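Open the model in your viewer and keep the sequence panel visible. The tour goes from one selection to the next.

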Amino acid sequence: MKKKNIFIIVVSIFLGVFVYVSLSNVQAPVNDNSPEWIPIHEAQQMAASSDKLIFVDVYEIGCKYCRAMDREVFPDSTVRQVMDANYIPVRIDGNSMEKIQFNGKEIAAKDFAQSKGAYVFPTSLILDVEGNVIKKKTGYMGVDEFRQFLYQ
């Protein structure tokens with residue numbers, strides 16, 4: 001009976017460590033060349049004082065295509081050149097109930113995303129200073145396709 005209890009304890013510890021390590025690696029690592037994501041209320045203020053538009057990446061934490069764009073597309077040097085020259089980058093979790101400030105009002109990130117038609121992730125939005133959607137595309141885009149999306 002003691003051997004059985006010891007075996008169950010050892011297996012339980014092993015499974016506990018395995019689950020802990022697996023879950024701690026869910027969040028994607030931050031890339032060195034990724035844009036400096038800015039909160040949307042700050043982006044609106046910056047856009048008002050510049051000729052730049054607002055680019056919004058609407059993502060979901062568990063979305064593999066969102067992670068692929070984060071890993072492969074956003075850090076690309078040619079994408080960064082276009083983004084830095086013409087856009088203020090914003091990132092919003094489209095399934096989060098976290099409150100954000102938009103057009104002087106507090107709104108849940110999920111409600112903001114849905115108000116802009118972002119129901120599928122990733123969704124890329126280009127907004128003017130008032131928050132009107134100028135361009136929208138859903139789904140994964142490779143580097144070339146994304147660069148073409150950014151050109152108006």
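Start with the open sheet of four strands, whose order is β2-β1-β5-β6, with mixed pairing. Strands (E, at least two residues) and helices (H or I, at least four) are DSSP runs numbered from the N terminus, and two strands pair if DSSP finds at least two bridges between them. Select β2 (87-93) and β6 (133-138): these stand at the edges with a single partner strand each, so one side of each has no neighbour in the sheet. On average, neighbouring strands here are turned by 15° against each other, direction ignored.

This is a predicted model, in which local features need pLDDT of at least 70 and side-chain atom pairs count only at pLDDT 80 or more, while totals for chains, interfaces and linings use all residues. Residues are numbered from 1 along each chain as its sequence is written, and side-chain values use heavy atoms, with hydrogens and water left out.

Next, select β1, residues 53-59. Six of its seven residues are buried (under 20% relative accessible area, 1.4 Å probe, protein chains only), so β1 is largely enclosed by the rest of the structure. With β2, strand β1 pairs in the parallel sense over seven bridges; look for Val58 opposite Ile92 in β2. With β5 (residues 123-127), the pairing of β1 is antiparallel, over five bridges. There, Asp57 stands opposite Ser124, and Ile54 has Leu127 as its bridge partner.

Now add helix α6 (residues 143-150), which lies across β1, β2, β5 and β6 and runs at about 165° to β6. Such angles run from 0 to 180 degrees between N-to-C directions, with axes fitted to C-alpha atoms, for helices over the stretch in contact.

Go back to β2 and pick Asp93, which lies in this strand. Which side chain of opposite charge is nearest to Asp93? Lys110 is, at 9.3 Å; Asp93 is buried yet has no salt bridge, that is, no side-chain nitrogen of Lys or Arg within 4 Å of a carboxyl oxygen of Asp or Glu. A polar atom of the Asp93 side chain lies 3.0 Å from the backbone nitrogen of Asn95. Leaving aside residues up to four places away in sequence, Asp93 touches Tyr59, Glu60, Ile61, Ala109 and Lys110, where contact means heavy atoms within 4.5 Å.

Finish at Arg80 in helix α4 (residues 77-86). Its relative accessibility is 14%, so Arg80 counts as buried. The Arg80 side chain reaches the backbone oxygen of Asn33 at 2.4 Å. Beyond four places in sequence, Arg80 touches Asn33, Ser34, Pro35, Phe74 and Pro75.

Notes: Buried means under 20% relative accessible area, exposed over 50%, partly exposed in between (1.4 Å probe, protein chains only). Lys and Arg count as positive and Asp and Glu as negative; His and the chain ends are not counted. A polar contact is a pair of N or O atoms within 3.5 Å; within protein, one must be able to donate a hydrogen and the other to accept it, and residues adjacent in sequence count only if both atoms are side-chain atoms.
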